Each structure stands twice: as structure tokens, then as C-alpha cells.
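Happy to look at this one together. Let's ask how a few labels are earned.

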Amino acid sequence: MVHIKTSRPWEIPENEATPESVFMTRRRFLAGSLVATVATAGLISGCSPPPGDEPLISDLEKKIYPAPLNKNYTLDRDLTDESVAAGYNNFHEFSDEKADVKTLAQRLIRRPWTVEVSGLVSKPRTFDIDDLHKMLPIEERLYRLRCVEAWSMAVPWTGFPLRVLLEKVEPDARATHVRMTTFYRPFQAFGQLAFWEPWPYTEGLTIAEAMNDLAFMAVGIYGHPLPPQHGAPIRLVVPWKYGFKSIKSVVKIELIDHAPATFWNTLDPLEYDFTANVDPRVPHPRWSQAREKMIGTGQVRLTLPFNGYGREVAHLYAG
Ligand code: MTE
């Protein structure tokens, strides 16, 4: 007898079922929203500091902007409109809703701010953010930014090469990797109240990647200091890697002798590889990486290996 299976109204085909990874992300999102709702309802407002009220641009910064453009780093496409880039942000510390980050991140207090550079180095130092502005060569670079979610943008960053900062502390020959850490301030960034996640956000590079001229520490964007939603007052930008490697609001850079555990890789190693070089051939469980969609214009382009920066970085991965 032939067994015919009739589907019931509530059944969905297997290929339409929510993949586990998406379900887990939603669960994280729902739990995170709950925490944020409780916090914004004022239940913990007594512990919260007032939102940052620093001037938008200090006298020191006024002298720096606009910074000279480094002509080695220009683009084959129009820049993303600033209002689009500044309203579509991934900053898990504040919200998983891209459109909400801009408002919630205003709570981040950006001064005083220091960056510790330590670990396997001869001259460990903690730099005040304003001193970094004074002592390092600040320039503008136009970079593509590609998110693992398959959207992209083109952005003018202001800052300095990471290499120049690392040279100040004289890395030891034993150092193989760099670990970077974001602030941990759950009462400014309510997403960090999700105690089951491995806060603070951390990311890592190999020493060769960190010393490559493309690896950039940005303190500004679109010709002015970084606004909080873009990772004020200082963040990494590594344009040949998926965006999650470009860690925001950095407080510590350590030189170490092993590959560090990182935030997303710890939560979901199948989706967030440590190396995470942009590569159209490497499939991702959720987003095809063959194409990218420019935010703002919706223009679709073929993904380029290393996000188009193969000439600068492909040699790092030869063999
Ligand atoms: N850094 C921290 N600390 N927290 C984050 O959630 N998100 C990353 C990265 N850096 C993130 C972070 C991701 S997924 C992307 S795509 C980029 O920041 C987005 O940068 P943008 O908002 O400036 O475009």
C-alpha cells in the first residue's frame, strides 16, 4: 500500500524551518530586549550615569579635522551617505536593532578615555585618547566595509595605522597575536547585562595582520570625531575582514603568544570564524557571501576576495 503523507495546516516544509543558529540569535535578542526594557523602564536607573555630555568636538580635535587624505586608500565607488551609515549600526552592547543603536549609544561616556597597550612588549603604556591624537600621524582613508550579513558600505575614516601605535610599545619577538577589548559598562550599555554572553567584546588579529598597513585605528569618520554608534572614541578597522572583526570603543590592546578567544567566535564558532577574511567562496550558514548589497543605494555587487584588498593582504595567507 502506498503511504501518502498529507500535510496539516500548521506544518511547514523542512527547508522553511528556522535554522537553529537563527533561533539562538532570536533567543539572544529576546533576552537582550527584556534586559533593555527592564533597564529603560527605570528599574535600575538609580545606578545609571547621565548620558555623555562631552562637547561634540574638542579644541584639539578642531585642529585635526579635516585630516589629509592618504591617496593610497581611495575607492572605486561613491561613499555611503553619512546619515545612512550613522543610522544602521551593529553594536551589540547597546542593541541588536540597528536603527536603535544611534540613540542608545549616546549613553556612552567618552572622556576621559584611555587605551592600555601591554602584554609581550618592552614598554607597556596606557595612553590617554587625547595624547594619542597629539602623538600619532592622523590621516583620512576611504575604505570599503563589508558585514558578514552581506551588506556593505564605503566610508571615510580618520585615524592612524595600528602598526604605528604598536611600535611605540616595542613588541617582543614572542608575540604572535593581538587581543583587543571593548569597555565593560553594563549600566551605560544595557546589552552587557546579558550575563550569559562573554562580555566584554574582544577581537584578535595575528601580529602580521596587525602590522599590515591596512589595519587602521579610527578616531573619526566623515571628517569629524567618531560618534558613539560608530565606536567612539577609538576603534579598529580591518577592511579585508568581515565587519565583526573591526572592534569598537577599544580600551585595551594586548600582545600575546596565542590566538585569543573572541566574543562572536566563542558564542558561535561556525558562524564567526577567527580569521574571517571576506571570501565569496566560503559559505556561511545564514548569508550567502557571493554578493553584497550597499546600504543606502541597494546596489548589489559581486563579493571580491579580501573585499578587494588582495594586493595588500593576500600574501599574509599564502600557503
Ligand atoms: N564592536 C563592538 N564592541 N560591538 C559590536 O557589536 N559589531 C561589529 C563591529 N564592531 C560590534 C563591534 C559589527 S558586526 C560590525 S558590521 C561593525 O562593527 C559595524 O560598524 P559600524 O556600525 O560603524 O558600521
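Below are some questions and answers on this predicted model.

Q: Why is aspartate 279 called buried?
A: The relative accessible area of aspartate 279 is 13%. Buried means under 20%, so aspartate 279 earns the label.

Q: Where is aspartate 279 found, and what is it in contact with beyond its neighbours within four places in sequence?
A: Aspartate 279 belongs to the loop between α8 (263-267) and β11 (291-294). With those neighbours left aside, aspartate 279 touches Tyr242 and Gln289, and contact here means heavy atoms within 4.5 Å.

Q: What makes strand β6 largely enclosed by the rest of the structure?
A: Strand β6 covers residues 202-206, and four of its five residues are buried, so the rest of the structure largely encloses it.

Q: How do you know that β5 and β6 pair?
A: Pairing asks for at least two bridges. Strand β5 (residues 177-182) has five bridges with β6, in the antiparallel sense, so the two strands count as paired. Histidine 177 stands opposite threonine 206 of β6.

Q: What makes the approach of asparagine 89 to the ligand a polar contact?
A: An N or O atom in the side chain of asparagine 89 is 2.9 Å from an oxygen atom of the ligand. The cut-off is a pair of N or O atoms within 3.5 Å, so this pair qualifies. A polar backbone atom of histidine 92 is 2.7 Å from a ligand oxygen, and a polar side-chain atom of threonine 182 lies 3.1 Å from a ligand nitrogen. Taken alone, the ligand exposes 530 Å², of which the protein buries 97%.

Technical notes:
Residues numbered from 1 in each chain as written. Predicted model: local features only at pLDDT ≥ 70, side-chain atom pairs only at ≥ 80, totals over all residues. Heavy atoms only, no water. Buried < 20%, exposed > 50% of the residue type's maximum accessible area, 1.4 Å probe, protein only. Polar contact = N/O pair within 3.5 Å; in protein donor to acceptor, adjacent residues only side chain to side chain. Areas by Shrake-Rupley, 256 points an atom, 1.4 Å probe, with all protein chains shown as cover.
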